[in-house]
Amino acid sequence: MTRTVVTGGAGFIGSALVRGLLEDGAPRVTVIDNLLTGHLENLEEVRDRVDFHEVDIRDYDAILPLIHGAGTVFHLAAIPSVPRSIADPVPSHEVNIDGTFQVLRACLDGRAARVVYAASSSAYGDTEVLPKVESMAPNPLSPYALQKLTGEYYMRIFARCYGLETVSLRFFNVFGPRQDPSSPYSGVLSLFIRAILERRAPTIHGDGEQSRDFTYVDDVVGLLIKAARAPGVAGRVFNAGNGGRITLNDAWRLLQEFEGVEIAPVYGPSRPGDVRDSQADTALAMELLGHQPRFTFPEGLRLTLDWFKRPPDIVRLKSATAS
Ligand code: UD1
């Protein structure tokens, strides 16, 4: 049985992927994560089936033996956030570009069969036409967008020049359980959910009419697993989105409805590097990867809200009784 490796496997999306792989039949999963933004608690219930390595992806010598001989390497480790990359571009450059290069080198030298990469919808920037389709010219508007696009180009180059099987998925604003709301750079829905549960007003940057194709994490996990198996897609790039488009005002409105409260948001200045509208054309991923999003935005938001509302002890209690 070939090994599966997930970089960034202790993060919000990475840990959901680890869970998905185990449910899908993988006996064990190797996780590489430096715990900069990830948390071991994210892997709590599956810890006994995870080979966890607290290692930085920039450390080629450390990652090579972990990647060596792997069947699929899912490369999700990154420093996310558009505003963080503007405020502090050096770490995100080093991790998102240099780190990605080291992962690819290790995959090539370690003869990994396939690399599936977490690219970003931010590569599109502002486009005149929606939805955004893979054939459009990229137009990155921030260091983060450029870094993720560079990673994608590296995937393509390693496929073309060295024959490594790489597949890039452009994630569209993924949300769901375990998304960490503790930083001002956190994904907006995790910040909104924390605000509504604390009965506080959220901050909306701009007029709130900007829109996103918020994609529920389990749908992205499903697509990642499909991308690891699909034939004839080496070097290609696919949108990993839901296909819908929701404004921030509507997202906040829905949360108020769910909770039965009325709290007016505080509107602040727009963020530099912010994209106005984002929506995925999902046709290519459907055709070649079998993408089939299962969760509408309200369904995903409800599940996420319920997760954040769970009694804090439940997860810990379960794992304590299991061991
Ligand atoms: C971008 C990418 C996304 C990627 C993410 C990584 C686009 C379209 N999307 O997300 O694919 O996964 O980076 O970090 O480029 N906002 C508020 N109040 C807040 C926080 C955010 O109004 O407290 C606004 C932002 O200004 C933005 C929207 O919410 O308009 C979404 O922000 P965020 O969740 O940070 O993600 P993006 O920057 O869109």
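1. Let's start with S183 in this predicted model. Leaving aside residues up to four places away in sequence, S183 touches R84 and L191. You will find S183 in the loop that runs between strand 7 (174-175) and helix 6 (188-197). Is S183 buried or exposed? Its relative accessibility is 19%, and buried means under 20%, so S183 counts as buried.

2. Now follow the chain into helix 6. Which residues of helix 6 are buried? They are L189, S190, F192, I193, A195 and I196. The cover over these buried residues includes strand 7, strand 8 (203-205), helix 8 (248-259) and helix 10 (297-309). Just beyond the helix, have a look at R199: this residue follows helix 6 and has a positive phi, near 55°.

3. Helix 8 deserves a closer look as a partner of helix 6. Two packed helices are described by the angle between their axes and the distance between the axes. For helix 6 and helix 8, the axes come within 10 Å and cross at roughly 35°, and the crossing is right-handed. On the helix 6 side, the contact is made by V188, L189, F192, I193, A195, I196 and L197. Helix 8 brings L248, A251, W252, L255, Q256 and E259. Sorted by class, the residues of this contact of helix 6 with helix 8 are 11 nonpolar, one polar and one charged. It is a nice exercise to pick out F192 of helix 6 and W252 of helix 8 on screen, as both take part in this contact.

4. A second helix pair can be read in the same way. Helix 1 (residues 12-23) packs with helix 7 (residues 217-229) at an angle of about 60°, and their axes are 9 Å apart. That angle makes helix 1 oblique to helix 7. The crossing of helix 1 with helix 7 is right-handed. Which residues meet here? Helix 1 offers F12, I13, A16, L17, G20 and L21, and these meet V217, V220, V221, L224 and I225 of helix 7. By class, the contact of helix 1 with helix 7 holds 10 nonpolar residues, one polar residue and no charged residues.

5. Finally, step back to the domains. The domain assignment of the protein chain gives domain 1 as 4-175 + 215-240, and domain 2 as 188-212 + 245-276 + 296-322. How far apart do the C-alpha centres of the two domains lie? The centres of domain 1 and domain 2 are 25 Å apart. Their contact takes 14 residues from domain 1 and 17 residues from domain 2.

Note on methods: Residues are numbered from 1 along each chain as its sequence is written. This is a predicted model: local features need pLDDT of at least 70, side-chain atom pairs count only at pLDDT 80 or more; totals for chains, interfaces and linings use all residues. Side-chain values use heavy atoms; hydrogens and water are left out. Axes are lines fitted to C-alpha atoms, for helices over the stretch in contact, and angles run from 0 to 180 degrees between N-to-C directions. Helices (H or I, at least four residues) and strands (E, at least two) are DSSP runs, numbered from the N terminus. Angles under 35 degrees count as roughly parallel, over 145 as roughly antiparallel, 65 to 115 as roughly perpendicular and the rest as oblique. A crossing is left-handed if the near helix is turned anticlockwise from the far one by less than a right angle, and right-handed if clockwise. Contact means heavy atoms within 4.5 Å. Ala, Val, Leu, Ile, Met, Phe, Trp, Tyr, Cys and Pro count as nonpolar, Asp, Glu, Lys and Arg as charged, and the others, Gly among them, as polar. Buried means under 20% relative accessible area, exposed over 50%, partly exposed in between (1.4 Å probe, protein chains only). Domain bounds come from an automatic or database domain assignment.
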